[in-house]
Amino acid sequence: MAGHEIPEPADRKQVADPWSDPQPVGASRPSCDPAFRHGVVVGFDGSTSSERALAYAIGMACRLSSGLIIVHVANRLPTTVWAGCEPPVFVDVPDHRTEVLGLELACADYLAEVPWVLVERGGDICHELEEVGREYSADAIVVGSTHGLVGRLFGSVAGRLARRAQRPVIVIP
C-alpha cells in the first residue's frame, strides 16, 4: 500500500545497510558531534593557567563563530613497576574531578555565549589533546603554560604539544 511500511520483526537484527557505501575496515566514522567540527580545543583541569587558557579559548571561539571543545585528561597510573622486559600496565583511576569540573562549567555564566562540550580522556595529556583536535578537525589547541618545577624538569605539556601537534597550539602564560 502506498504510504505504509511493513514493520520488521523485533527479533531481527539488520547487519548492514544495503544502500550505504562500504567502508574499509581501518576507516572509522567520526565519533564527534558535527556541530563542533573546526572548533577550538582547550585543555582544562581547573588550575589558574587552564582557567586563563579557557578564557582565551572562549574569546577565540566567539570570534570564529565556532564551538568550544573543553578536554579534561584523567590520570592513569602504572599498576606494576617496569621489571626487565615486561611493559608496565596502566589502569584508569576513577577521576571524579571531571564531574566536578563539568558541574562548575555548566553553572558558569561566561560559557553562555559559546556552544561547548566537555570531553574526558585518559592517558598522556599531549597525545589526548592532539587526538581530540584531530577527531574534531580543530582550528587550534589552547593550553596554559606550566610555571612549576616539574614542568621545568620533565618538560611542560605546552612545550611537548607545540613540538608534536599537527595544528596550531596557543600557549597562554
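A residue counts as buried when its relative accessible area is under 20%, as exposed when the value is over 50%, and as partly exposed in between. Keep that in mind for the close-ups below, all of which show a predicted model.

**View 1. Arg 164 and Asp 124 join up in a salt bridge.** Here the side chains of the two residues meet, with 3.6 Å from N to O. This pair links distant parts of the chain: Arg 164 belongs to helix 5 (residues 157-164), while Asp 124 sits in the loop between strand 5 (116-122) and helix 3 (125-135), 40 residues apart. Are these two partners buried, partly exposed or exposed? Arg 164 has a relative accessible area of 39%, so it falls in the partly exposed range. Asp 124 is partly exposed too, at 32%. As a rule, side chains of opposite charge can pair when their charged atoms come close.

**View 2. Arg 167 pairs with Glu 130.** In this salt bridge the closest N and O atoms are 2.9 Å apart. Arg 167 comes from the loop between helix 5 and strand 7 (169-172), and Glu 130 comes from helix 3, so the bridge ties together parts that are 37 residues apart in sequence. Both partners are tucked away: Arg 167 is buried at 18% relative accessible area, and Glu 130 is buried at 11%.

**View 3. Glu 131 and Arg 134 form a salt bridge within helix 3.** The closest N and O atoms are 2.3 Å apart. Why are the two about one helical turn apart? Because they are three residues apart in helix 3. That fits a general pattern: an α-helix has 3.6 residues a turn, so residues three or four places apart point the same way. Arg 134 is partly exposed, with 48% relative accessibility. Elsewhere, Arg 121, Glu 128 and Glu 135 are joined into one network by salt bridges that share partners. Altogether the structure holds six salt bridges, but zero disulfides. If you go looking for cysteines, Cys 62 is partly exposed at 31%, and Cys 107 is exposed at 63%.

**View 4. Strand 2 is covered on both faces.** How many residues of strand 2 (residues 68-74) are buried? Seven of the seven are, so the strand is largely enclosed by the rest of the structure. In a regular strand the side chains alternate between the two faces of the sheet. Here, Leu 68, Ile 70, His 72 and Ala 74 lie on one side, with Ile 69, Val 71 and Val 73 on the other, and all are buried.

**View 5. Strand 2 pairs with strand 1 and with strand 5.** Strand 1 (residues 40-43) runs parallel to strand 2, and four bridges connect them. Look for Val 40, which stands opposite Leu 68 in strand 2. Strand 5 also pairs with strand 2 in the parallel sense, this time over seven bridges. There, His 72 has Glu 120 in strand 5 as its bridge partner. Add helix 1 (residues 48-64) to strands 1 and 2, and you get a right-handed β-α-β unit.

**View 6. The largest nonpolar core has 19 residues.** The members that touch the most others are Val 40, Val 42, Leu 54, Leu 68, Ile 70, Leu 111 and Val 142. Strand 1, helix 1, strand 2, helix 2 (97-106) and strand 6 (140-144) each give two or more residues to this core. Helix 1 supplies the largest share, with six residues. Zoom in on Val 42 and, leaving aside residues up to four places away in sequence, you'll find it touching partners including Ala 53, Leu 54, Ala 57 and Val 142. There is also a second, separate core of 17 residues, with Phe 36, Val 41, Val 71 and Ile 141 among them.

**View 7. Helix 3 has a set of buried residues.** These are Cys 126, Glu 128, Leu 129, Glu 130, Val 132, Gly 133 and Glu 135. What covers them? The cover includes strand 1, strand 2, strand 5, strand 6 and helix 5. Just past the end of helix 3, Ser 137 takes a positive phi of about 50°.

**View 8. Ser 66 sits in the loop between helix 1 and strand 2.** Although Ser 66 is in a loop, this serine is buried, with 12% relative accessible area. Not counting residues up to four places away in sequence, Ser 66 touches His 38, Gly 39, Val 40, Ala 61, Val 114 and Pro 115.

How values were computed: Residues numbered from 1 in each chain as written. Predicted model: local features only at pLDDT ≥ 70, side-chain atom pairs only at ≥ 80, totals over all residues. Heavy atoms only, no water. Salt bridge = Lys/Arg side-chain N within 4 Å of Asp/Glu carboxyl O. Buried < 20%, exposed > 50% of the residue type's maximum accessible area, 1.4 Å probe, protein only. Disulfide = S-S within 2.5 Å. Pairing = 2+ DSSP bridges. Right-handed = clockwise from strand over helix to strand, strands pointing away. Core = buried A, V, L, I, M, F, W, Y, C linked by side-chain atoms within 4.5 Å. Contact = heavy atoms within 4.5 Å.
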